[in-house]
Amino acid sequence: MNNNSTIYDVAREAGVSMATVSRVVNGNPNVKPATRKKVLDAIERLGYRPNAVARGLASKKTTTVGVIIPDISSIFFAELARGIEDIATMYNYNIILSNSDQNKDKEIHLLNTMLGKQVDGIVFMGGTITEEHVEEFKRSPVPIVLAATISPDQEIPTVNINYTEAVYDAIHFLTEQGHERIGMVSGPLEDPINGHHKFSGYRRALDEANLEMNEDFIYIGDYTYDAGIEAVEKFLSLDNKPSAVFVGTDEMALGVIHGAQDRGLKIPEDMEVIGFDNTRLASMVRPTLTTVVQPMYDIGAVAMRLLTKFMNNESVEDRTVILPHRIQLRDSTK
């Protein structure tokens, strides 16, 4: 067995032409069964592995997709990556996965690195899509699909939920429960999903319930558990404390719950808490967390399927896909 075997070696071993070996390797049906078996036996004896780079140069396709996400170690993003990978495997694509840390310069660098590797398409997940991002996307020779990321000009294909409606539904649920003092723990407002869409849902629900927005009830965090603890400490220092809190991520919501419990409050009796994402953390905390379901696996899977359509020149009816959301009721609300 020789791991450096070439298509020429296989052809000589099987007593066929290199074109015949190529047809067998690429699944072309126009090969006699007996010839196919000879070639496959030769491939096995020699330990031949087709060179994906060489095949890509010949076909101008590498069957490889680039995936850029902020942090694979996060439960939230891991679900997205799993959805992408499962559909990629189903359609016989390999993925190259990179972490961008939601850093603009790194995102642009990774984008160009992926293109340099001759990927056939890219799934991109980031925070703020700047004009520089848009220019890079438009210059790309291969299709790009955004996952759980807002396209400012609606020109780049995207897969999301309706973030405004999702937060509206969560706050409306709390106002229907009779809450008038509702806090909000958000991620950075520069992120358009947080700064525009989620806040719009929060304001609209308060307006419909004839409740004024109190800036003391808003805390801007960084998506972390510690930010949730800091948020609830701020809220509990107020004379007029929130009776319920909506939190922009499940991880921050765990910080809110534990911070409140450390100060002697009972959840949900003294303060109700709703998270966002429905990661596995929601069912691990006690009490279990009521949360908005953002179907990250489905977002990843649909984004990858959409990308396969673009890569294979299939017809695409809707470049902007909005998936359904819902509230998963658990024990952190009454």
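Select E79 to begin, and colour it by accessibility: in this predicted model, E79 is partly exposed, with a relative accessible area of 33%. Now add R280 to the selection, since the two side chains form a salt bridge, with N and O 3.9 Å apart. E79 belongs to helix α5 (residues 75–90), while R280 sits in the loop between β9 (272–277) and α12 (281–284), so this pair ties together parts that are 201 residues apart in sequence. R280 is likewise described as partly exposed, at 48% relative accessibility.

Next, move to helix α3, which covers residues 33–46, and select K37 and D41, two residues that both lie in this helix, four residues apart, or about one turn. Their side chains make a salt bridge in which the closest N and O atoms are 2.9 Å apart. Which of the labels buried, partly exposed and exposed belongs to K37? K37 counts as exposed, because its relative accessibility is 52% and the label exposed is given to values over 50%. D41, with a relative accessible area of 28%, is partly exposed.

For another pair, select D101 and K106, whose side chains meet in a salt bridge with an N to O distance of 2.9 Å. D101 is exposed at 51% relative accessible area, whereas K106 is partly exposed at 32%. After this pair, show K138, D153 and E155 together, and you will have a network in which the three residues are joined by salt bridges that share partners. How many salt bridges does the structure hold? The structure holds 13 of them, should you wish to look for others.

Leave the charged side chains now and select helix α1, residues 7–14, where A14 is found. A14 is buried, with a relative accessible area of 8%, and if neighbours within four places in sequence are left aside, A14 is in contact with K38, V39 and A42. To compare distance along the chain with distance in space, select G27 as well: A14 and G27 are 13 residues apart in sequence, and their C-alpha atoms are 17 Å apart.

The next stop is helix α13, residues 296–311. With 16 residues at 1.5 Å a residue, this helix should span 22 Å, and because its end C-alpha atoms are 22 Å apart, the expectation and the model agree. Colour its buried residues, among them M296, I299, L306, L307 and F310. Against which elements do the buried residues of α13 pack? They pack against β1 (64–69), α5, β3 (121–124), β4 (144–147), β5 and β11, so you can show these elements beside the helix and return to α5, the helix that holds E79. Following α13 is N313, which has a positive phi, near 55 degrees.

Finish with two of the strands against which α13 packs, β5 and β11. Select β5 (residues 158–161) together with β11, and you will see a pair running in the parallel sense, joined over four bridges. To find one place where they meet, pick I161, whose bridge partner in β11 is L323. Then turn β11 (residues 320–323) so that both of its faces can be compared: V321 and L323 lie on the covered face, while T320 and I322 lie on the uncovered one.

Definitions and conventions: Residues numbered from 1 in each chain as written. Predicted model: local features only at pLDDT ≥ 70, side-chain atom pairs only at ≥ 80, totals over all residues. Heavy atoms only, no water. Salt bridge = Lys/Arg side-chain N within 4 Å of Asp/Glu carboxyl O. Buried < 20%, exposed > 50% of the residue type's maximum accessible area, 1.4 Å probe, protein only. Pairing = 2+ DSSP bridges. Expected span 1.5 Å × (residues − 1). Contact = heavy atoms within 4.5 Å.
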